[in-house]
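Here is an informal tour for anyone opening this model for the first time. Have the sequence and the 3D view side by side as you read.

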Amino acid sequence: MDTASAVQMVTAQIERDRDFPVELTRELVRIPTVNPKFESAAGLNRETDAQRLVAAHLAAAGLTTEQHEVFPDRPNVRAYRDGSGDRSLVLNGHIDVVPVGDRGTWSVDPFGAEIHGGRLYGRGGYDMKAGIAAAIAAAKAIHDCGIELAGRFEVHSVVDEEAGGFGTKGLLARADAPSAVIVGEPTEEQVMLCQGGLEWVRVTLRGRNAHTGWRYNDLYPQRDSADRTRPGVNAAELAARLITAVGQLERDWGCRKPAHPLLPPGVNTISPSVVQVGAGLGADGLPATMTNPAITPDVAVIDFDLKYLPTETSAQIRAEFEDFVAHWAAQDSWLREHPPVVQWELGDLHFPAFDTSPDFPVVDSIRRQRAALGKTTEITGFVAVCDGAFYRPAGATPLIYGAQGADAHGPDEWVDVNSIVDTAKVFAAAAIEYCGLRAAPR
Ligand SMILES: [Zn+2]
């Protein structure tokens, strides 16, 4: 058999079995797997139950399955069928979901998995239990058709993507990376070839405590400045100045650095997202006292969410940001003596960028299969970040492709039922063409 016939046979099998990925998505939605880092409550954090179901289906599809807990009661599933490493493909998906939010804003039960008008509603159906179900359906159809792949084929169902990708990081620390990975995040069936990098960076600024009663002496220097009225240096005001300066750097990045052809211009932003100011530096690195306005605050801690371009590296960006802060501080007599402290990987968060070539063969497989489904293919980039980030440094070429739907992380999240089935077909075709067929034994 040639690969084209194998693809035809397997996609026809998925079509015959089209209820399977849809019903599996529904089953998975009905098992709430809210990431416990965001909301911990009885019955809501059932990643273990969902992963048990995922692993059982993958084992039935002839894959060897392993489960490893990344955090207590939060296991990853790695399922694989052995084959050569140089044409090995992973289908990756995350089982965790974000909280429902205000239930009153939902018009359906968030964990009911109701289908209306071809839309499957529920938290995590779109982002991204449909992607996991499509990957399992692809594995099942390949198995049902008796197709043996030459390259190693794997499915990774991971926990904790929504809180920083610690599931995928944990999985890759234990297993050999594949040569290619499709991350099944919902992309509206677009092929997303790149994403920028993300860093959380903390800048700590130190001022000087004083009674705020002496502030006049800072604003209006007095003829006789006795030590008793030595004014403080207000860390809140230092923070305000730094935030303004970094805002200029952000605009400069957006205007000066050429935009990536697959991404909107200006996605390389630096958001000052968490600002904490007070008096005294606590052992936790945060201000010890934050409730006494009569003290000139001497500690400001600013946490920035910093996005950079797919063409840039983390090392480059870190050096650039640190230089900027150092030059800014050098212009001020106080800050020259009390330089800001810059800390990276806040909360261990660190998403490297990736920039996959449009010539990557999986892109062509997806395009061909979509053409067979009567669809054209749009190539674009991902403006957020996903687990594809961690496969790249491990040696795999990533791309993102997944189902159509809407309202990820919002009320009435839904995924298109037909799109789940088509995504399974695209995954199966990509796996067969990329991994190749195993030569029949003589
Ligand atoms: Zn997601």
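How many residues line the largest pocket, and which of them lie nearest its centre? The lining is made of 21 residues, and Glu161, Glu162, Ala384, Val385 and His409 are the ones nearest the centre.

## Before you go further

This is a predicted model, in which local features need pLDDT of at least 70 and side-chain atom pairs count only at pLDDT 80 or more, while totals for chains, interfaces and linings use all residues. Residues are numbered from 1 along each chain as its sequence is written, and side-chain values use heavy atoms, with hydrogens and water left out.

## The chain as a whole

Let's step back for a moment. The protein chain has 12 helices and 19 strands. These are DSSP runs numbered from the N terminus, with helices being H or I runs of at least four residues and strands being E runs of at least two. Along its principal axes, the C-alpha trace spans about 100 × 45 × 40 Å.

Of the chain's 442 residues, 55% count as buried. Here buried means under 20% relative accessible area, exposed means over 50%, and partly exposed is in between (1.4 Å probe, protein chains only).

## The largest pocket

Back to the pocket: its volume is about 430 Å³. A pocket is an open set of points on a 1 Å grid over the protein atoms alone, with protein on both sides within 12 Å along at least five of seven lines; a cavity is a set of points where a 1.4 Å probe fits but cannot get out, and lining residues have an atom within 4 Å of a point. Grid points are joined across faces, edges and corners, and a volume is the space filled by probe spheres set on the points.

The pocket lining draws at least three residues from each of domain 1 (3–195 + 353–435) and domain 2 (197–350), with bounds that come from an automatic or database domain assignment. Helix H4 (125–144) and strand S9 (197–206) each supply at least two lining residues. By class, the lining splits into 12 nonpolar, 4 polar and 5 charged residues. For that split, Ala, Val, Leu, Ile, Met, Phe, Trp, Tyr, Cys and Pro are nonpolar, Asp, Glu, Lys and Arg are charged, and the others, Gly among them, are polar.

One of the residues nearest the pocket centre, His409, sits in the loop between strand S18 (405–406) and strand S19 (414–416). Its phi is positive, near 65°, in a residue other than glycine. His409 counts as partly exposed, at 44% relative accessibility.

## The zinc site

What holds the zinc ion? His94 (NE2), Asp127 (OD) and Glu185, which gives OE twice, coordinate the ion at 1.8 to 2.7 Å. Donors are N, O and S atoms within 2.8 Å of the metal (3.2 Å for Na, K and Ca), and sites may look incomplete because water is not among the atoms. Along the chain, the donors follow the spacing H-x32-D-x57-E. Asp127 in helix H4 and Glu185 in the loop between strand S7 (180–183) and strand S8 (191–195) are 58 residues apart, so this pair links distant parts of the chain.

Why is the arrangement called irregular? The 4 donor atoms subtend angles of 53 to 147°, and that makes it so. Four donors would be tetrahedral if all angles lay between 85 and 135 degrees; four are square planar and six octahedral if opposite donors are over 155 degrees apart and all others between 65 and 115, and anything else is irregular. Asp127 is buried at 8% relative accessibility, and Glu185 is buried too, at 5%.

## Helix H4 and its surroundings

H4 is largely enclosed by the rest of the structure, because 17 of its 20 residues are buried. The peptide bond from Asp127 to Met128 is cis, with omega near -5°, and Met128 lies in this helix. After H4 comes Gly146, with a positive phi near 70°.

There are 6 cavities of 30 Å³ or more, and the largest has a volume of about 90 Å³. H4 gives the most to the lining of that largest cavity, with 3 residues. The lining has 7 nonpolar, 1 polar and 2 charged residues, including Ala61, Arg81 and Phe153.
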